[in-house]
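Hello,

Here is the structure I promised to pass on to you. Please have a look at it first, and then read on for what turned up when I went through it.

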Amino acid sequence: MAHARPDAQPETREFQAQTRQLLDLMVHSVYSNKDSFLRELISNSSDALDKLRLESLRDKDLDVDTGDLRITLTPEVAGEDRTLVVADNGIGMSREEVVELIGTLAKSGTGELRQRLAEAKDAAASDALIGQFGIGFYSTFMVADKVTLVTRKAGQSAGTKWESTGDGTYTLETVDDAPQGTSVTLHLKPVDTEDHLHDYADPAQLRALVKRYSDFISWPIQMRGAAGEDGTAQWETLNSGKALWARPRDEVSDEEYATFYRHVGHAWDAPLEVISVKAEGTFEYEALLFLPTQPPMDLFAPQQRGGIHLYVKRVFIMDDADLLPEYLRFVTGVVDAADLSLNVSREILQQDRQIRAIRRRLTKKVIGTVADLRSSRPDDYRTFWVNFGRVFKEGLVNDPDNREAILKASVFASTHTSEDADDSLTPIAEYIGRMKPGQEAIYYMTGESQQQIRNSPHMEAFAARGIEVLTLSDPVDEMWVEAVGEFDGHRFVSIAKGGVDLDAADGEEEKSAAAAELEKKSAEYADLLAWLGQTLGEDITEARLSGRLTDSAACLVGDEYSMSPQLEKLYRASGQPVPHVKRALELNPDHPLVAGLNTAIADEKGRDALVPTAQLLYGLALLAEGGELADPAAFAKTLADVLADRVGGAAD
């Protein structure tokens, strides 16, 4: 047992605010799966042993004993007091690491978790939320009134003792005789089966939990038993230690895969799909990958890294190996390579020919698995797409080698589907199969939401003619449609940019008649179009009549390669300066407002009074496309003045 220095006084510290919130959640937890605390502690110990063995290979001067690396469980009962000690002789922690990793660490999103737990309607909803966020070491406070941690980092002489009752504070002490590694002593709460608190000092209970949650851990998990005839403690090994990825798939149960997934991915949900890969030949490796069901809270965090653990001949190398591209960062699992050096660094990995080959094959395998999900298990695919579709589509921008495969595995909302984009989505190939006779382009529109896009004036003529349009409302959609360009010989064309040929299916006679009618009306509206072009010259490139409007008075149309309003917002949100982009103002000659303006413009003396109406016409078109007014206050004043004049005139 470790002892504090005689002259050392315990130092009391307060947890950070979010950590206190998380501790409070655990102390008063309604989470039914309290057994999972043991899985978390064993998983932490396994990581510590992996890191010690790796460090001993890299640093030959490190004075550590790696001959009997293991995890131990020691249950003890003394009257009403029950304790469980979970210990390892792994890498250990320094005092600074204890403070950083245990004293102050709270996973991003703790405040949100607390709020959503308060809103949860029942225990099942609470379980799902806690499982989604993950709680790690803090799960010990679900089953213990007090937690004592003693640790000494390999290569250091002094250890650290950390202790807390979960009340918002913890104590730190320096101890001289701490063994290498980490031990966690849980002073267990009373057994309460109704609250899912089992007897964690019962050896039979511990055997069952290790078998259920941690049988695959490669390090021995041993439990202290009764003393033998020689008086020494007997240790019972509880786990088989078989590498799950090396076993044939038909010999592994779904529950075993789920348990391993939770271990390697630090997750609490069940995997949506298991991907097993075994490569033989020039490069030999085995891989076991998982598609999650729920997204991690840091999926869009800038520092988020992939979750692939790299092994070499069953020896752990690193836990965030760059073996999949960033757009597949939600995939977790392990890769066990046969021919890599054990002393491999992240920099070497980036240049290694074998690693690049593994990366290429795994990427294609994951994309192919997603495509198979879409065709064979549509409900599971929908779950995947709702949670990870936005990330998956990043590959359309960043991975040109697999762009076509990614596009085939993707689905999109369109005017053929319902307004609930998550409920009904279409592959591009099916869109092409529904194209009108003579239609060559794949039409799309981007925007901030499905509702905004579907209500856009640009949609009117397409809806009237029954022409399907992809409605793309994710920020990444702005990027990939430009990067991809076309699919299966059909160009992606924005209905909000350039000219669109809505008469492709018409005969030559009908096309000629439509062109003649537009030319005639353009001549009738020539004065209005010229005046608007001059009056609004700072904001528009020109004013022209439109063939894409049926109900709205006007809309703004960019050049074929101009920046969309949505892209402008994205750049501004990222802090990048955006130049003022002018677009053409297209008018609907059949709208009463436009027709009235055309009549009024004939009186040259009264044109100055029409300037506010012209400004409102432009502002309304800008708002309808999701743009932002340069001066909302001025627009509101102009609108109020025009309405006041109209109301005053009606009163007279």
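R39 lies over the face of W268, at 5.0 Å from the ring centre. R39 also lies over the face of a second ring, that of Y213, where the distance to the ring centre is 5.6 Å. Please keep in mind as you read that this is a predicted model.

Next, the aromatic rings. The structure holds 21 aromatic pairs. One of them joins F216 and F260, with 4.9 Å from centre to centre and 85° between the planes, an edge-to-face arrangement. F216 sits in the loop between α6 (203-213) and β8 (221-227), while F260 belongs to helix α7 (residues 254-265), so this pair ties together parts that are 44 residues apart in sequence. Both partners are covered: F216 is buried with a relative accessible area of 10%, and F260 is buried with 3%.

The pair of F384 and F388 has its ring centres 5.8 Å apart and its planes at 35°; with stacked pairs under 30 degrees and edge-to-face pairs over 60, this pair is tilted. F384 and F388 are both in helix α10 (residues 378-392), 4 residues apart, which separates them by about one helical turn. How buried are these two rings? F384 has a relative accessible area of 1% and F388 has 0%, which counts as buried. F384 and F388 also belong to a wider cluster linked by ring pairs, together with Y327, F330, Y381, W385, F392, F412, W480 and F492.

Now to the strands. I would start with β11 (residues 285-291), where 7 of its 7 residues are buried. The cover extends to both faces: Y285, A287, L289 and L291 are buried on one side, and E286, L288 and F290 are buried on the other. You may like to pause at E286, a glutamate that is among these buried residues.

Which strands pair with β11? Strand β10 (residues 273-279) is joined to β11 by 7 bridges and runs antiparallel to it, with V274 standing opposite F290. Strand β14 (residues 332-337) pairs with β11 over 6 bridges, again in the antiparallel sense, and here A287 of β11 stands opposite V335. The hairpin of β10 and β11 has 5 residues between the strands, and in it G281 takes a positive phi near 120°.

Further along the chain there is an open sheet of 3 strands in the order β19-β21-β20, with mixed pairing. Its edges are β19 (540-545) and β20 (554-557); each has a single partner strand, so one side of each is left without a neighbour in the sheet. From one strand to the next, the twist averages 25°. Between β19 and β21 (residues 583-587) there are 4 bridges, and these two strands run parallel. R544 stands opposite E586 of β21. Helix α18 (residues 526-535) lies across β19 and β21, at about 165° to β19.

Last, the charged side chains. The count comes to 33 salt bridges. I picked out three of them for you to look at:

- E256 and R247 form a salt bridge in which the closest N and O atoms are 3.4 Å apart. E256 is partly exposed, at 26% relative accessibility.
- D380 and R377 meet through their side chains at 2.9 Å, N to O. Both are partly exposed, D380 with a relative accessible area of 27% and R377 with 28%.
- E404 and K408 meet at 3.3 Å, N to O. Being 4 residues apart in helix α12 (residues 403-408), E404 and K408 are separated by about one helical turn. K408 is partly exposed, with a relative accessible area of 43%.

Salt bridges that share partners also join R249, E273, R377 and D380 into one network.

If you would like a place to begin on screen, try R39 with the rings of Y213 and W268, and then turn to β11 and the buried residues on both of its faces.

Happy viewing, and all the best

How values were computed: Residues are numbered from 1 along each chain as its sequence is written. This is a predicted model: local features need pLDDT of at least 70, side-chain atom pairs count only at pLDDT 80 or more; totals for chains, interfaces and linings use all residues. Side-chain values use heavy atoms; hydrogens and water are left out. Rings of Phe, Tyr and Trp (its six-membered ring) pair if their centres lie within 6.5 Å; planes under 30 degrees apart count as stacked, over 60 as edge-to-face and the rest as tilted. Buried means under 20% relative accessible area, exposed over 50%, partly exposed in between (1.4 Å probe, protein chains only). A charge sits over a ring if NZ of Lys or CZ of Arg is within 6 Å of the ring centre and within 35 degrees of the ring normal. Two strands pair if DSSP finds at least two bridges between them. Axes are lines fitted to C-alpha atoms, for helices over the stretch in contact, and angles run from 0 to 180 degrees between N-to-C directions. Contact means heavy atoms within 4.5 Å. A salt bridge is a side-chain nitrogen of Lys or Arg within 4 Å of a carboxyl oxygen of Asp or Glu.
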